[in-house]
Amino acid sequence: MEDVELRKLDEILDLGVTSEQYHSTRRKILQAIEEAGTLVDLERERIASLGKAGVVSQWLKLIGTVPPENRPFVSSRFNRLKDEITSALAARRAMLEAAALDARLAAETIDLSLPAPEAPKGSVHPISQVMDELAEIFADMGFAVATGPEIEDDWHNFTALNMPESHPARAMHDTFYFPDRNGGGREMLLRTHTSPVQIRSMLAQGAPLRVIAPGRVYRSDSDATHTPMFHQIEGLVIDKGIHLGHLKWTLETFLKAFFERDDIVLRLRPSYFPFTEPSVEVDVGYANEGGRRVVGGSGDAPGHAWMEVLGSGMVNRRVIEAGGLDPDAWQGFAFGTGVDRLAMLKYGMDDLRAFFDGDVRWLSHYGFSALDVPTLSGGVGMPV
Ligand code: PHE
């Protein structure tokens, strides 16, 4: 039957496709498909036979040139061949895919007896952790976090804080100045404290106001306890009828929460800051335990001493004015302290310079887990 049909094909098709050609091409195609070793090879075979310029596609195009009475026969022959090739391709593809999957499964075998791989582990720097602790403590007392630029102008950093040019207090700040565009110098500087955020907050938000402003500050100073860049946190409250009692309660509540102990005793000493009047320096009692300062108890108790931790005072009328507010209507208190120093005291580091060395041994020893988010309920600071 097959031969008859093929001969018939020969006879009717004056197409340049002899039965031999048909036969041998069919065999070659099917064999190449059967032998395709990869999906890429298989695709090449598909294109060679059924692709736009493929042999079989070319043949299919010839159907139109066959006399109408013979067309059904020719058409069915060529289409049967096309179907035959299509299913051979599909079968081979399935086989190759299954083999590829088997190979992958074999290669990806997991040895469950191996120890778990060490996950790369970073840690949260104690300064970041302490700043988060402070934000958490003060948020609970109704303080929002404010920020200001580290590249500050002379007015915000000094003049508006009641330190006009030639004020002697400026000399204490060892300021890094930027050269001026017009050659003069001294207009822009690296802020020497976070106090300019007091002015920026008042101007931006008005009163009443309760903010803390943690951030980097800069002074041209460097030894074991001073680095040219360090961190401060500023606090500012502006409201009606604010007095020193509010300041003392706030600082006491904050220090008790921060050091997580109730026996914190404060000593307020008269002091001087141009931007507060009166000004007080705040000391906490501490004892030396195992070569480490541990905060707690009165500094006058046996084995105890006082240590200065904060500068503060009632906001100077001139500063309230510079903040765009009426000092007869609004009063306030402000405080500032070193974040690095607080961190050293709480977590027992003794050299400030190590904070900024980026030594991974120091970081992994003093760092915190990223999951140890400080909360008042969960505790504001447990080392990893
Ligand atoms: N800005 C002061 C300093 O850097 C600290 C301070 C802030 C004092 C606010 C009083 C009020 O030393």
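Me: In this predicted model, which helices are included in what covers the buried residues of α3?
Reply: Happy to start there. Buried here means under 20% relative accessible area, and the residues of α3 that meet this are Leu 42, Ser 49 and Leu 50. They sit on the same side of α3, because the arc they cover around the axis is only 70°. The cover over these buried residues includes α2 (19-35), α4 (55-62) and α5 (71-107).

Me: How far apart are the end C-alpha atoms of α3, and what span should its 12 residues have?
Reply: Good one to check by hand. Helix α3 runs over residues 39-50, and at 1.5 Å a residue its 12 residues should span 16 Å. The distance between its end C-alpha atoms agrees with that expectation: 16 Å.

Me: How far apart do the C-alpha centres of domain 1 and domain 2 lie?
Reply: Let's place the two domains before giving the distance. The domain assignment gives residues 2-107 to domain 1 and residues 126-366 to domain 2. Between their C-alpha centres, the separation is 84 Å.

Me: Which element gives the largest share of the lining of the largest pocket?
Reply: Gladly, and the pocket itself comes before its walls. The largest pocket holds about 1,400 Å³ of space. Its lining counts 47 residues, and those closest to the centre are His 226, Phe 230, Glu 308, Gly 338 and Arg 341. Elements giving two or more residues to this lining are β5 (229-239), β6 (266-273), β7 (276-289), β8 (292-295), β9 (304-315), β10 (331-338) and α11 (339-347), and the largest share, seven residues, belongs to β9.

Notes. Residues are numbered from 1 along each chain as its sequence is written. This is a predicted model: local features need pLDDT of at least 70, side-chain atom pairs count only at pLDDT 80 or more; totals for chains, interfaces and linings use all residues. Side-chain values use heavy atoms; hydrogens and water are left out. Helices (H or I, at least four residues) and strands (E, at least two) are DSSP runs, numbered from the N terminus. The expected span of a helix is 1.5 Å times one less than its number of residues. Buried means under 20% relative accessible area, exposed over 50%, partly exposed in between (1.4 Å probe, protein chains only). The arc is that of the directions from the helix axis to the C-beta atoms. Contact means heavy atoms within 4.5 Å. Domain bounds come from an automatic or database domain assignment. On a 1 Å grid over the protein atoms alone, a cavity is a set of points where a 1.4 Å probe fits but cannot get out, and a pocket is an open set with protein on both sides within 12 Å along at least five of seven lines; lining residues have an atom within 4 Å of a point. Grid points are joined across faces, edges and corners, and a volume is the space filled by probe spheres set on the points.
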